[in-house]
Amino acid sequence: MSDAALGLTQLLLFLFFIMLGFPIAFTLMAMGLFFGYLGMQDRVFDLLVQRTYAVMANDVLISVPLFVFMGYIIERANILDRLFRSLQLASGSVPGSLAVATLITCALFATATGIVGAVVTLMGLLAFPAMLRAGYDPKLAAGVTCAGGCLGILIPPSIMLILYGATAGVSVVQLYAAAFIPGVSLALLYVAYAIGVGIFKPAMAPRLPPEERNVPVLQIFVALATSFLPLALLIASVLGSILTGLATPSEAAAMGSLGSIILAIVYRAFTWQKLKESVFLTARTSAMVCWLFVGSYIFSSVFGYLGGQSVVEDFIKSLPLNTFTFMLLAQVIIFILGWPLEWTEIIVIFVPIFLPLLDDFGVSPLFFGVLVALNLQTSFLSPPVAMAAFYLKGVAPPHVRLEDIFRGCMPFIYIVVFCMAMVYIFPGLVTWLPETLYSSTPADGAVPTMLDAPPAGGFQEEEEIRLPSMN
């Protein structure tokens, strides 16, 4: 068997084993070492040490456990409950007010934590029953909860963007700037849809009773000042320090973690037990990310060494594709992969297959990454492996069927596709903020437009993520 055939066999066997439910990180390492030994003999063990060290020495990945810890502390400080109640009071007169309050709460909390499962589960316990009690259609309530909880994939400081930046060698700072406007736009489209349903189909989203809408302005102001404002200031300070260059993502994440602890103390929700739980969950999540990176780097290195990457590249180059059709093909493949796979596998295994082709079709990896982040919203919403739907089903009342949750997610999948189309038609939605903030960077580190070649370098040292070559 030729080396290229070995590489393709490696990829197919990996897909087969993960469909059987084997742990992804260790399946990646096992496939990489097995096929690497067939093609490279003992050198594959040198590769294992090299790639493991490359992950451990990657400064940017320090921000992952810090952002995760920040999210878990906020989750356990009962801040979400206060935030939802205040937004519910503030939006009482708006059509579909509970849905609007749910989406805004999800967007803020997703920005603070970036952990989809945590946001969907907590909102499923808090907002979903409130919407059902108010007479909301279960499908609409389920769709709002699931879609809002997934916004953390896209809205900075997103863990997914950190992993994409580490995989693609793109500045995380500029990725955050590029994803900010599309992320906020998607959240606003969700809110507009909820208001539209409340206006044109009031039976699906009935108005709250007058006693819940007619709340004194002073009460609303106090509620927002004590719940919305502190969390918003924490998020703005963390994200603002990153985008303005005052701090690297790791430094901002450290200050955000400290700020979340202070916020929990102020709300009298900080206990030793909650701290222990947050540390444990952070360590577990960080270990998963670390081993996933080690496995993916070994797998992709062996796959490239055996010639599998070249076979894929040559096949795509042989197709009559231009920039538009290549982008369409790549996004359709990622969309389909989102049905059986989670976003982590897609980012670390399949996105690197497309990255070497971006230069050939004149696509910036910055622009491509934002489109991928938008696209991966659907991986949590589309069956059969719609993880957000399963998270919600786990805490939903028994009479809410999984089928109803899937149906409720469908309009939001259409909104995501519409947002992707708008981003492609108007690439300035991605490029304007990075170009505005970082227009003074050197030419080799300038923010590329959609049709520019990938950047050659020039990012800050902490943002530079180049793996050592195998030679």
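Accessible areas come from the Shrake-Rupley method with a 1.4 Å probe, and for residues only the protein chains shown count as cover. On that basis the accessible surface of the protein chain comes to about 19,100 Å², and 69% of this belongs to carbon and sulfur atoms. The model is predicted: local features need pLDDT of at least 70, side-chain atom pairs count only at pLDDT 80 or more, and totals for chains, interfaces and linings use all residues. Residues are numbered from 1 along each chain as its sequence is written, and side-chain values use heavy atoms, with hydrogens and water left out.

The protein chain has 22 helices and 0 strands; helices (H or I, at least four residues) and strands (E, at least two) are DSSP runs, numbered from the N terminus. Its radius of gyration is 23 Å, close to the 23 Å that the globule rule gives for 471 residues, so the chain is as compact as a globular protein of that length. The radius is taken over C-alpha atoms, and the globule rule is 2.2 Å times the number of residues to the power 0.38. Along the principal axes, the C-alpha atoms fill a box of roughly 75 × 45 × 40 Å.

Of the 471 residues in the protein chain, 56% are buried. Buried means under 20% relative accessible area, exposed over 50%, and partly exposed in between (1.4 Å probe, protein chains only). A contact means heavy atoms within 4.5 Å. Among contacts between residues at least 6 apart in sequence, 78% join residues at least 24 apart.

Helix α8 is a convenient place to begin. This helix (residues 138-149) has 12 residues and reaches 16 Å from its first C-alpha to its last, close to the 16 Å expected at 1.5 Å a residue. The expected span is 1.5 Å times one less than the number of residues. In α8, 10 of the 12 residues are buried, which leaves the helix mostly covered; among them are Leu140, Val144, Thr145 and Cys146.

At the start of α8, a side-chain oxygen of aspartate 137 comes within 2.8 Å of the backbone nitrogen of lysine 139. This is a polar contact, that is, a pair of N or O atoms within 3.5 Å; within protein, one must be able to donate a hydrogen and the other to accept it, and residues adjacent in sequence count only if both atoms are side-chain atoms. Aspartate 137 and lysine 139 also form a salt bridge, with their closest N and O atoms 3.6 Å apart. A salt bridge is a side-chain nitrogen of Lys or Arg within 4 Å of a carboxyl oxygen of Asp or Glu. Lysine 139 counts as partly exposed, at 31% relative accessibility.

Two residues of α8 reappear among the contacts of threonine 102, which is found in helix α6 (residues 97-113). Not counting residues up to four places away in sequence, threonine 102 touches Phe84, Met123, Ala127, Met131, Val144 and Thr145. Threonine 102 is buried, with a relative accessible area of 0%.

Helix α8 also serves as cover for helix α20. The buried residues of α20 (residues 387-395) are Met387, Ala388, Ala389 and Leu392. What covers them includes α7 (116-133), α8, α19 (377-381) and α21.

The structure holds 5 salt bridges. Side chains of opposite charge can pair when their charged atoms come close. In helix α21 (residues 402-425), glutamate 403 and arginine 407 are 4 residues apart and so separated by about one helical turn. Their side chains meet in a salt bridge at 2.7 Å, N to O. Glutamate 403 is partly exposed at 36% relative accessibility, and arginine 407 is partly exposed at 48%. Salt bridges that share partners join Arg401, Glu403, Asp404 and Arg407 into one network. Within this network, aspartate 404 pairs with arginine 401, the closest N and O atoms being 3.1 Å apart. Aspartate 404 counts as buried at 11%, whereas arginine 401 is partly exposed at 45%.

Two valines in other helices remain. Valine 348 lies in helix α17 (residues 343-358) and is buried, with a relative accessible area of 3%. Leaving aside neighbours within four places in sequence, valine 348 is in contact with Thr167, Leu292, Phe293 and Ser296. Valine 173 is placed in helix α10 (residues 172-200) and counts as buried at 8% relative accessibility. From valine 173 to leucine 239 the C-alpha distance is 9.6 Å, with their positions 66 residues apart in sequence.
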